[in-house]
Every structure is written in structure tokens, then in C-alpha cells.
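Please open the coordinates in a viewer and keep the sequence at hand. The stops below are meant to be selected one after another.

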Amino acid sequence: LIDGKSNREVSAIFKRVERFISYDTYTAYSRFAALCGCDSIVIPDEGVTLEQWYAKPQDRYGVSYGFEGIEDARATRSAMREQILAQEEKSIDNVRVFISETQNFFAKA
């Protein structure tokens, strides 16, 4: 059980264990676990297919939906990391645009 632990504590646990198994199909912990190098496995919801869980394969990178997808999750772990870094860069760029636009707007006032 990792609820209530600090990010540092959770990270240390994920770096120490081989597998993280979650019954919460949408927890961010699944991606955090994969980033720390452990197999991240989500127990599928009854009646929900892999494609219903996440329709786009790139949204499933690094995380296995059930035990059958562990090899695919391992193979896509680095792609997930690259995705996250790209999303972070996009967010930073959006902040830069916001700052520029607000400075230009208020400079005219």
C-alpha cells in the first residue's frame, strides 16, 4: 500500500520492487512505476477490453493491461518516458506563450 506516502518514498519502493499491480485502471502510479523501471500491471476491469481502456496504443505505453501484456509494456517503457518529456516541453512552451501574450497585452494598457 503506497497511499499517503511521499513521492520520494513511492519512488524508492518502485525502484526496489519487480512489479507494481494496481486495481485502479487509471492511477498515475502505474506510469510512475514504469518510469522507475518496474513492471506496471493494471488488473483489467470486467468487460473492458484493452482498446476500450485506452484506444490509442501510445496511451498504453509502459503499462500492461493484465499479465499478458508485460512484454509489450517493457518494450514501450522508454517511449512512454519520451512522451512524458515531450508533454512537459509542450507545457513549458504554452507557459512561455502565455507570458508573452499577457506581457504584450498589459504593456499596451
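Which residues make a nonpolar surface patch of about 350 Å²? Select Ile21, Tyr23 and Phe67, which together form this patch. The model is a predicted one, and every stop of the tour should be read with that in mind.

Keep tyrosine 23 selected. This residue sits in the loop that runs between strand 1 (19-22) and helix 2 (29-35). Its relative accessibility is 66%, so tyrosine 23 counts as exposed, the cut-off being over 50%.

**Salt bridges**

Turn next to the charged side chains. How many salt bridges does a search of the whole structure find? The search finds seven. Three of the pairs are visited here, beginning with one that involves strand 2.

Select aspartate 39 and arginine 19, whose side chains meet in a salt bridge with an N to O distance of 3.9 Å. Aspartate 39 belongs to strand 2 (residues 39-42) and arginine 19 to strand 1, so this pair ties together parts of the chain that are 20 residues apart in sequence. Are the two partners buried or exposed? Aspartate 39 counts as buried, because its relative accessibility is 6% and the cut-off is under 20%. Arginine 19, by contrast, is partly exposed, with a relative accessible area of 38%.

Leave aspartate 39 selected and add arginine 74. The side chains of these two residues also meet in a salt bridge, at 2.6 Å from N to O. Here distant parts of the chain are linked: arginine 74 lies in helix 4 (residues 70-107) and aspartate 39 in strand 2, 35 residues apart. Arginine 74 counts as partly exposed, at 36% relative accessibility. Aspartate 39 thus takes part in a salt bridge with arginine 19 and in another with arginine 74.

Now select glutamate 82 and arginine 81. Their side chains meet in a salt bridge of 3.7 Å, N to O. Glutamate 82 is partly exposed, with a relative accessible area of 48%, and arginine 81 is also partly exposed, at 45%.

**The network**

For the last stop, which residues are joined into one network by salt bridges that share partners? Select Arg19, Asp39, Glu71, Arg74 and Arg77 together to display this network. Among its members are the residues of two pairs already visited, Asp39 with Arg19 and Asp39 with Arg74.

Technical notes:
Residues are numbered from 1 along each chain as its sequence is written. This is a predicted model: local features need pLDDT of at least 70, side-chain atom pairs count only at pLDDT 80 or more; totals for chains, interfaces and linings use all residues. Side-chain values use heavy atoms; hydrogens and water are left out. Patches are made of residues with over 30% relative accessible area and no salt bridge: like charges are joined within 9 Å, nonpolar side chains (Val, Leu, Ile, Met, Phe, Trp, Tyr) within 5 Å. Accessible areas come from the Shrake-Rupley method with a 1.4 Å probe; for residues, only the protein chains shown count as cover. A salt bridge is a side-chain nitrogen of Lys or Arg within 4 Å of a carboxyl oxygen of Asp or Glu. Helices (H or I, at least four residues) and strands (E, at least two) are DSSP runs, numbered from the N terminus. Buried means under 20% relative accessible area, exposed over 50%, partly exposed in between (1.4 Å probe, protein chains only).
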